[in-house]
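I opened this notebook to keep track of what I looked up in the structure, entry by entry. The entries follow the order in which I went through the elements.

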Amino acid sequence: MGLNVAVLANLKQNAPRYEGMPADAWDDLDSPITVQAICAALEASGHRATFLEGNLSLVETLPKLKPDICFNICEGHWGDSRESHVPALLEMMRIPYTGSGVLTLALTLDKPMTKRVLAFHGLPTPPFQVFERVDEPLDEDLTFPLFVKPSREGTGMGVSGSSIVHSEAELRDRLAEQLAHYRQPILVERFIRGREVTIGVIGNLSGPAARRVPRDEAADRVQAGLRFLPALEVDFSKYPPSEGGVYTNRMKTEWAHDFHRFCPAPLSPALLARLHWLTAAVFRVTGCVDVARVDFRLDAEEGDRPYILEVNPLPGLYPGLSDLVLEAEAMGMSYNELINAIFHTACVRHRLV
Ligand SMILES: Nc1ncnc2c1ncn2[C@@H]1O[C@H](COP(=O)(O)OP(=O)(O)OP(=O)(O)O)[C@@H](O)[C@H]1O
Ligand SMILES: [Mg+2]
């Protein structure tokens, strides 16, 4: 039997405007094309789908609609934990929703906090330091080149070829600029030179996933319940040197319609197995459910050793363009099948099917 589904998103066109708003202010919000495609996919499976803007109006619109479940892709508007706001409202209203919960969405929006959790579990993430002021001394163990990015943004906001800094002077210039623009702590990491791979996953862990990596190499690595999509590698050879061999905001917005990638990425079976294992471990330790995408760099100087950059529990779902959608296509999974796979996983978790 079909369910009554509310599709919750924050559309870029509905976003608040304010004085002195930067041009990239709402680059992580969604397009009506994505929302319409999600609604159409759910309707094609016999559900009723209604879009609702994910803001405080939900307090009135949801009790009227009385959905069985919400398909949530809200990125939120304000504050340090904005992606967790709508899920928090839904929990207060006791309405089930797809995807990760309040704690996970608040955690993973904050890259340094996520890295602390990964480091606690021995998962490889580039060494880092967080700057709240431009003149804080640089830790001695961080050596140039370094990579400078905002702590709590997505869609490559603040990421360009100039994010790579080679000297104290470049670091201080970039920090000054990023602190002023994004008004949040700025994350400085060791620059990982090498290939870039992202791995999408759908499902929920049903078996134990050993958490200690690599200290406990021999432990059972059970990833039951998770379905990995083919790894996607960015083909940097097709982009100008100005982009610095990183996946920039420009590539994710202006140039998104002409995205160059290898999918499935040409990876050895052993490396792919390790990336799957790391993806499952990140999914587990950050408390993800239903769907996520984990971004990696493979360090060329260490024989393609994988480093975890971040986990995205709300991966973009723009039809034909977003990484997760391209990964699904590469395994012959259509957009409708992808949306319904995520939805079905959530329905099973909530015991709605
Ligand atoms: N330490 C690093 N070393 C090398 N490149 C990096 C590093 N950190 C980030 N990058 C580059 O910057 C890009 C964006 O970084 P990151 O994935 O952390 O940000 P994001 O804006 O949240 O991405 P998304 O669009 O996936 O939400 C990465 O895909 C990678 O190309
Ligand atoms: Mg990323």
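**Entry 1: strand pairing.** I began with Val148 and found that its bridge partner in strand 7 is Val188. The model is a predicted one, and I read each value here as computed from it. In the same pair of strands, Lys149 stands opposite Leu187 of strand 7; strand 5 (residues 146-150) and strand 7 (residues 186-190) are joined in the antiparallel sense over five bridges. Turning to strand 6, I noted that Leu146 has Val165 as its bridge partner there, and that strand 5 and strand 6 also pair in the antiparallel sense, over two bridges.

I then asked in what order the strands of this open sheet lie. The order is 4-7-5-6, four strands with antiparallel pairing. Strand 4 (128-131) and strand 6 (164-165) stand at the edges, and each has a single partner strand, so one side of each is left without a neighbour in the sheet.

**Entry 2: the faces of strand 5.** Which residues point one way from strand 5, and which the other way? I found Leu146, Val148 and Pro150 on one side, with Phe147 and Lys149 directed the other way. In a regular strand the side chains alternate between the two faces of the sheet. Five of the five residues of strand 5 are buried, so that I list the strand as mostly covered.

Just ahead of this strand I looked at Pro145, which is found in the loop between strand 4 and strand 5. A cis peptide bond, with omega of about 0°, joins Phe144 to Pro145.

**Entry 3: helix 6.** Helix 6 (residues 168-182) lies across strand 4, strand 5, strand 6 and strand 7, and runs at about 10° to strand 5. As a check on its length, I compared the span expected for its 15 residues at 1.5 Å a residue, 21 Å, with the separation of its end C-alpha atoms, which is 21 Å and agrees.

The buried residues of helix 6 are Leu171, Arg174, Leu175 and Gln178. They cover an arc of only 105° around the axis, which puts them on the same side of helix 6. An α-helix has 3.6 residues a turn, so residues three or four places apart point the same way. These buried residues pack against strand 4, strand 5, strand 6 and strand 7, whereas the face turned away from the buried side carries the exposed residues Ala169 and Ala180. Just after helix 6, I noted a positive phi of about 50° at Arg183.

**Entry 4: the nonpolar cores.** Which members of the largest nonpolar core touch the most other members? They are Val7, Leu8, Val282 and Ile308, in a core of 75 residues. Helix 8 gives the most to this core, with seven residues. A second, separate core of seven residues includes Met157, Val159, Tyr247 and Met251.

For Leu8, leaving aside neighbours within four places in sequence, I found contacts that include Leu52, Gly54, Phe71 and Val86. Val86 is also among the buried residues of helix 3 (residues 85-92), along with His85, Pro87, Leu89 and Leu90. The buried residues of helix 3 pack against strand 1 (4-9), helix 2 (58-65), strand 3 (69-72) and helix 4 (102-109).

**Entry 5: Phe283.** I next looked up Phe283, which lies in helix 8 (residues 269-285). Is Phe283 buried or exposed? With 26 C-beta neighbours inside 10 Å, Phe283 counts as buried. Not counting residues up to four places away in sequence, Phe283 touches Val201, Leu205, Leu226, Cys288 and Ala292. Its C-alpha atom is separated by 9.0 Å from that of Asn204, although the two residues are 79 apart along the chain.

**Entry 6: backbone values I marked.** Most residues other than glycine have a negative phi, and most peptide bonds are trans. Against that background I marked Asp290, found in strand 12 (residues 290-299), for its positive phi of about 70°; Asp290 is buried, with 23 other C-beta atoms within 10 Å. Asp304, in the loop between strand 12 and strand 13 (305-312), has a positive phi near 65° and is partly exposed, with 16 other C-beta atoms within 10 Å. The last item is the peptide bond from Cys263 to Pro264, which is cis with omega near 0°; Pro264 lies in the loop between strand 11 (261-262) and helix 8.

Definitions and conventions
Residues numbered from 1 in each chain as written. Chains lettered and ligands numbered in written order. Predicted model: local features only at pLDDT ≥ 70, side-chain atom pairs only at ≥ 80, totals over all residues. Buried ≥ 20, exposed ≤ 12 C-beta atoms within 10 Å, placed from the backbone. Contact = placed C-beta atoms within 7 Å. Pairing = 2+ DSSP bridges. Axes fitted to C-alpha atoms, helices over the stretch in contact; angles between N-to-C directions. Expected span 1.5 Å × (residues − 1). Arc of directions from axis to C-beta. Core = buried A, V, L, I, M, F, W, Y, C linked by C-beta atoms within 7 Å.
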